[in-house]
Amino acid sequence: MQNNSGTVKARTLWADAWRRFKKNKMAVISLIFLLCLALIGIITLVIDWVTNDSIYDTLVISQNLTQRFEPPSSSHILGLDEFGRDILLRILWGTRYSLFMSIAAVLAAGIVGIVIGAVAGYYGGRVDNVIMRLMDVVLSLPYMLLAIAIVAALGPGLVNVLISIAIGYVPEFARITRASVMTIREREFIEAAKAVGASDRKIIFQQILPNAMAPLIVEVTMAIAGAILSIAGLSFLGLGIQPPLPEWGAMLTNARGYIRDAWHITVFPGLVILVTILALNIIGDGLRDALDPKLKN
């Protein structure tokens, strides 16, 4: 790329990837949607902090049985649920649980998995065999069954759900990181770093991992989508977020017995989960295409 002075300005890998990502209109729309969801979650947290949870207590979790099952109207856009609570407000306030908890669980799994995978891929040999066999043991267990077993053992709750989701995703990040590290560790700049006496820790975290982030970024988006489904599934089984907290999966659990009498109390939370998962998968596909060197031209 050439600037006004006529000199050639090199385009970085990430700038080039962003340029290609912007060409994918669906991925950009999905990213905007996801950022709006995150902004909504932050706004609800600020509102609760400013109002000392008064809006949350009076409008989100407070029951009004005289108006239960009220259909969508101008006063309640998405209607009221089986306890007379506004479904739109509960969906908005539930963003912090469904989306933020998924992001937190995936980030925790990513940090642990990346470190484990980097150590295994860099040192190889016996260290690699021991670490990856342990990861294979975890991967051999059905993911949802493992999460159910952990929550059943620890008990329902926000922290325990986060732990159960994070443990299941650690092996995936470890395997992807290991594969990338094993490829990068043989390159010339790594040999040069070793020749000048750089420590293993510096080589791994300053030289190898920054060059192995492309597949990990894609995995993060896919893992967040899976984590949202897992949290919703645990809540649906009664092992996740407990009432009256407005988590999307818990809303479906509470509403499933009334689906024939009031369609709106299940349709709208289900649609939010569906659209969010779809947006995350589209973003993941867009990032994969943007970061693929084969598609550079």
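**View 1. Stretches annotated as transmembrane regions in the predicted model.** In an unreviewed entry, UniProt gives the annotation "transmembrane region" to residues 26-47, 99-123, 143-170, 216-242 and 262-284, and these stretches can be located here in a model that is predicted. Two of them may be examined one after the other. Residues 143-170 are 89% helix and 0% strand, with end C-alpha atoms that lie 11 Å apart. For residues 262-284 the values are 91% helix and 0% strand, and here the end C-alpha atoms are 35 Å apart.

**View 2. The span listed as a domain.** The unreviewed UniProt entry also lists residues 95-284 under the name "domain: ABC transmembrane type-1". Within residues 95-284 the chain is 81% helix and 0% strand, while the C-alpha atoms at the two ends of this span are 20 Å from each other.

**View 3. The whole chain, as a setting for the close-ups.** The protein contains 12 helices and zero strands, and its C-alpha trace spans about 75 × 55 × 35 Å along the principal axes. Of the 297 residues in the protein, 42% are buried, and the accessible surface comes to about 15,600 Å², with 66% of that surface belonging to carbon and sulfur atoms. When contacts with a separation of 6 or more are considered, 71% of them are between residues 24 or more positions apart.

**View 4. The largest nonpolar core and the surroundings of Ile165.** The largest nonpolar core is made up of 70 residues, and Ile91 and Ile165 are the ones with the most contacts inside it. Helix 4, which covers residues 87-123, supplies the largest share of this core, namely 13 residues. Once the neighbours within four places in sequence are left aside, the residues in contact with Ile165 are Ala105, Tyr143, Ala227, Ser230, Ile231 and Leu234.

**View 5. A nonpolar patch on the surface.** Leu154, Leu158, Val159, Ile163 and Ile167 together form a nonpolar patch on the surface, and their accessible area adds up to about 410 Å². Helix 7, running over residues 158-184, gives the most to this patch, with four residues.

**View 6. Ile167, a member of the patch.** Ile167 belongs to the nonpolar patch and has its place in helix 7. Is Ile167 best described as buried, partly exposed or exposed? Its relative accessibility is 36%, and because a residue counts as buried under 20% and as exposed over 50%, Ile167 falls in between and is therefore partly exposed.

Terms used. Residues numbered from 1 in each chain as written. Predicted model: local features only at pLDDT ≥ 70, side-chain atom pairs only at ≥ 80, totals over all residues. Heavy atoms only, no water. UniProt positions renumbered as here; feature names shortened; annotations may be inferred. Patch = residues over 30% accessible without salt bridge, like charges linked within 9 Å, V, L, I, M, F, W, Y side chains within 5 Å. Areas by Shrake-Rupley, 256 points an atom, 1.4 Å probe, with all protein chains shown as cover. Salt bridge = Lys/Arg side-chain N within 4 Å of Asp/Glu carboxyl O. Buried < 20%, exposed > 50% of the residue type's maximum accessible area, 1.4 Å probe, protein only. Contact = heavy atoms within 4.5 Å. Core = buried A, V, L, I, M, F, W, Y, C linked by side-chain atoms within 4.5 Å.
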